Amino acid sequence: MDRLARVVAAFAARPPVVVDDPARPQAAVALVVVPDPDRVLLIRRAERAGDPWSGQLALPGGRRDATDLDLLHTAIRETEEETGLVLPRERHRATLDDLAPVTPVLPPILVRPHLFHLEFAGAVGLSDEVAHAAWVELAALADPGTYRDTAIEVRGAPRTVPGYHLPEGFLWGMTERILTPVIRAWRDLGG
């Protein structure tokens, strides 16, 4: 079993922390990985007024719609709407821990990440919600020089946050919190 498959299997074997809070809106994202070379799909959200994640690097996903069967369906639907990539439900390998924003100015939303392991990197497109999409190598994310604390401004307030410095931009926040355990597991299995 190759390194990426071992990482995926490790997360699949771990029960996720699921938060049951009906007062919070729910959302889901797709953490899509592919082998040869090992990569993850990242998007840059389009600049949109009123979107607290406007312009940020992220995983495809969004809020649960009333017609979604479950949050896995949300992740699949949102990924297709945002990038044109159709995620087969049978390629879903793991549900990761639910997350909520830690910044008080963000909406009180719960996000459930879903890990998909595809055989190859499918073509991705752009939508009115996505300005850029790319398959980013896990080796670039795991490089020690890529991850560091950085001073940024969030809604006029200075903050220092951890994140990944990539050619595509600075990846931080909830996406960093979702990706970091996966990147660490991938890096640790490389030795």
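This is a short tour of a predicted model, moving from the whole chain to a helix, a loop and a single residue.

**Stop 1: the whole chain**

Start with everything shown as a cartoon. You should find 4 helices and 10 strands in the protein chain. Following the chain from the N terminus, the elements come in the order α-β-β-β-β-α-β-β-β-α-β-β-β-α. The radius of gyration is 16 Å, close to the 16 Å that the globule rule gives for 191 residues, so the chain is as compact as a globular protein of that length. Turn the C-alpha trace about its principal axes, and it spans about 45 × 40 × 30 Å.

Now switch on the surface. The accessible surface of the protein chain comes to about 9,300 Å², and carbon and sulfur atoms account for 54% of that area. Of the 191 residues, 50% are buried. Among contacts with a separation of 6 or more, 64% are between residues 24 or more positions apart.

If you like to color by charge, there are 21 positive and 27 negative charges to pick out. Their mean positions lie 4 Å apart.

**Stop 2: helix α1**

Next, select residues 3-12, which form helix α1. Which residues of α1 are buried? Show the side chains of L4, A5, V7, V8 and F11, and you have them. These residues sit on the same side of α1, because they cover an arc of only 160° around the axis. To see what lies over them, add β1 (26-34), β5 (92-95), β6 (110-117), α3 (138-142) and α4, which are included in the cover.

**Stop 3: the loop after β1**

Move along to the loop between β1 and β2 (39-45), where P37 is found. D36 is in this loop too. Zoom in on the bond that joins D36 and P37: this peptide bond is cis, with omega at about -5°. Check the backbone of D36 as well, where phi is near 60°, a positive value in a residue other than glycine. Both features merit a second look, because most residues other than glycine have a negative phi, and most peptide bonds are trans. Is D36 buried or exposed? With a relative accessible area of 67%, D36 is exposed.

**Stop 4: T175 in helix α4**

Finish by selecting residues 174-188, helix α4, and pick out T175 within it. T175 counts as buried, because its relative accessibility is 10%, under the 20% cut-off. Which residues does T175 touch, leaving aside its neighbours within four places in sequence? Display L57, A58 and L59, and you will see its contacts.

Definitions and conventions
Residues numbered from 1 in each chain as written. Predicted model: local features only at pLDDT ≥ 70, side-chain atom pairs only at ≥ 80, totals over all residues. Heavy atoms only, no water. Helix = DSSP H or I, 4+ residues; strand = E, 2+ residues; numbered from the N terminus. Buried < 20%, exposed > 50% of the residue type's maximum accessible area, 1.4 Å probe, protein only. Contact = heavy atoms within 4.5 Å. Rg over C-alpha atoms; globule rule 2.2 N^0.38 Å. Areas by Shrake-Rupley, 256 points an atom, 1.4 Å probe, with all protein chains shown as cover. Lys, Arg positive; Asp, Glu negative; His and termini not counted. Charge placed at Lys NZ, Arg CZ, Asp CG, Glu CD. Arc of directions from axis to C-beta.
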